[in-house]
Amino acid sequence: MALNDADHKMLMNHEDKLSDHERRINDLSQKMSDTMDRVKESNKYLRKQNANTLNAVIKGNTIGQNINERQPILRQAGEVR
């Protein structure tokens, strides 16, 4: 079945629009992929920072507990007021 000129133009116009949409989808997909890569890097950095902070807090709590455990002994010896 042959297409008349009007139908052919409409088909070509539809194909052009479809190609434009596919190009936009590919562009958005690439941007989304780039954004997700940046989010992953950011999350990696934040997880490391959180781990460092947690370790510092745990270490600080351990040091604080050791000091608190020693203070009664030091008070008895007259070293802490």
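Entry 1, the salt bridge. I looked up Asp 20 and noted that, at 31% relative accessibility, Asp 20 counts as partly exposed; the coordinates I am reading belong to a predicted model. I then turned to its partner, Arg 23, which forms a salt bridge with Asp 20, and I recorded 2.8 Å between the closest N and O atoms. For Arg 23 I wrote down a relative accessibility of 47%, so that Arg 23 is also put down as partly exposed. I asked myself how far apart Arg 23 and Asp 20 lie along helix 1. They are three residues apart in that helix, which means that about one helical turn separates them. On going through the structure for salt bridges, I found that it holds one.

Entry 2, the nonpolar patch. I next checked which residues make a nonpolar patch on the surface, and I listed Met 32, Met 36 and Val 39, with an area of about 280 Å². Val 39 has its place in helix 1, which I noted as covering residues 5-76. Is Val 39 buried, partly exposed or exposed? Its relative accessible area is 34%, and because the partly exposed class runs between 20% and 50%, I entered Val 39 as partly exposed.

Entry 3, the chain as a whole. I looked up the secondary structure of the chain and recorded one helix and zero strands. I then asked what share of the 81 residues counts as buried, and the value I wrote down is 0%. For the accessible surface of the chain I noted a total of about 7700 Å², with 55% of that area belonging to carbon and sulfur atoms.

Conventions:
Residues numbered from 1 in each chain as written. Predicted model: local features only at pLDDT ≥ 70, side-chain atom pairs only at ≥ 80, totals over all residues. Heavy atoms only, no water. Patch = residues over 30% accessible without salt bridge, like charges linked within 9 Å, V, L, I, M, F, W, Y side chains within 5 Å. Areas by Shrake-Rupley, 256 points an atom, 1.4 Å probe, with all protein chains shown as cover. Salt bridge = Lys/Arg side-chain N within 4 Å of Asp/Glu carboxyl O. Helix = DSSP H or I, 4+ residues; strand = E, 2+ residues; numbered from the N terminus. Buried < 20%, exposed > 50% of the residue type's maximum accessible area, 1.4 Å probe, protein only.
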